Amino acid sequence: MTDSLLTPAAGPASGMSAKPTTAFEFPLQDSSGEVCLRQAWASLPEPIGADEKESLLHDIRRLLRERNAVLVAHYYVDGVIQDLATETGGLVADSLEMARFGHDHTAQTLVVAGVRFMGETAKILSPEKTVLMPDLQANCSLDLGCPADAFSQFCDAHPDRTVVVYANTSAAVKARADWMVTSSCAVSIVRHLHAQGEKILFAPDRHLGRYVAEQTGADMLLWEGHCIVHDEFKAVELASLKARHPESIVLVHPEAPASVIALADRVGSTTAMINAVVENDAKSFIVATDQGILHRMRQLAPEKTLIEAPTAGTSATCKSCAHCPWMAMNGLKALRNALANSGAPHEINVPAETAEKAVNCIHRMLAFTALESGGALTNASAAGLIPHIGAA
Ligand code: 13P
Ligand code: SF4
């Protein structure tokens, strides 16, 4: 790629500049495998006072009821929104459970508090439902770093490989994939494919891809994307923190670099990390993922000590703050507006042709995980979606 080292992908959308806006760099790969850095923007919600917060919460509860809507939130969004989801009969979960819950729920409207790919997945799985998001600009560096046209050319150049994509991708990228995975099922799905003798093309998270290849022994060609939050965790600082807290269990999300994963006692998805805190007898945990997860961990295990893994500097203090700027775009005002106004600024739509192709790789994952957990397949055709499932 002959691009300069740092070129803007696009400026902040009009209307975003009134709010505090932060720029981030992310890696962008082209179809030949070359990588350059691009800039993206996140526009954070303005702070609100206690009275306004109460009034917004009141409005949102009412609108959820009136619209027969359910709120599905990721563990990384603001704790107030996580609590609202739980309290109103919705869900706070990892990306796999968000997809499954939205699909199975009877509500006509899904409100997804998370990032864009989560809303798109919900819409692809439930095209008949209205899917709203507080802010459609809430993206993900992995999604941004894997444009569909370049990815498709990359796949064309490697026709002998089964295409496996992380959930953190656009609908158009999923439309080109054979399988979708999340961090909670990536290892088991790739292990199954490897057992069938398949070679894998994996995109876009290179850290997750490398971790999965190491765990499974599979031949994996990796796209060179990374998460701007997890890529920041520092191994040297984590080792020194661990030395000062030898009694602590180190939990690491597989989007972190290999040197950080090497120090982990447990590597897993957000749900796996929460379960570890709740179920493990240890009293103290060092947590290497977005700090939004601490809210749920504190609620479920208030007696445990939680220490944030260092992202930079010489101590456990988080200098670059492990908090996804796009997850932070999910504010109460935007959530109320999504429910009150819906329509273009808040509604997720996926072109039918793209959705029809993309749904196959998602159904395969859901069918595989349902079989793996011993549950009955809800979709009668699902077994046919998983080649050689009996043999793995
Ligand atoms: P989970 O699938 O573990 O929820 O992770 C999603 C994500 O975006 C992590 O950065
Ligand atoms: Fe994407 Fe990283 Fe944010 Fe997750 S934390 S949504 S992977 S940028």
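In this predicted model, helix α1 (residues 50-66) and helix α14 (residues 332-341) cross at roughly 30°, and their axes come within 9 Å. Angles under 35 degrees count as roughly parallel, so α1 and α14 are roughly parallel to each other. A second helix pair, α4 with α15, packs at an angle of about 100°. Ligand 1 has residues around it that include Asp94, Asn168 and Glu255.

**Helices α1 and α14**
- The crossing of α1 and α14 is left-handed.
- On the α1 side, the contact is made by Lys53, Leu56, Leu57, Asp59, Ile60, Leu63 and Leu64.
- On the α14 side, Leu332, Lys333, Leu335, Arg336, Leu339 and Ala340 make the contact.
- By class, the contact of α1 with α14 has nine nonpolar and four charged residues, and no polar ones.

**Helices α4 and α15**
- Helix α4 covers residues 116-125 and helix α15 covers residues 352-372, with their axes 9 Å apart.
- The angle of about 100° makes α4 roughly perpendicular to α15.
- Thr121, Ile124 and Leu125 of α4 meet Ala355, Ala358, Val359 and Ile362 of α15 in this contact.
- The contact of α4 with α15 has six nonpolar residues, one polar residue and no charged residues.

**Surroundings of ligand 1**
- The residues around ligand 1 are Asp94, Ser95, Leu96, Asn168, Thr182, Ser183, Cys227, Glu255, Ser269 and Thr270.
- By class, the shell around ligand 1 has six polar, two nonpolar and two charged residues.

Methods:
Residues numbered from 1 in each chain as written. Chains lettered and ligands numbered in written order. Predicted model: local features only at pLDDT ≥ 70, side-chain atom pairs only at ≥ 80, totals over all residues. Axes fitted to C-alpha atoms, helices over the stretch in contact; angles between N-to-C directions. Helix = DSSP H or I, 4+ residues; strand = E, 2+ residues; numbered from the N terminus. Parallel < 35°, antiparallel > 145°, perpendicular 65-115°, else oblique. Contact = placed C-beta atoms within 7 Å. Nonpolar A, V, L, I, M, F, W, Y, C, P; charged D, E, K, R; others polar. Near = placed C-beta within 6 Å. Left-handed = near helix turned anticlockwise from the far one by under 90°.
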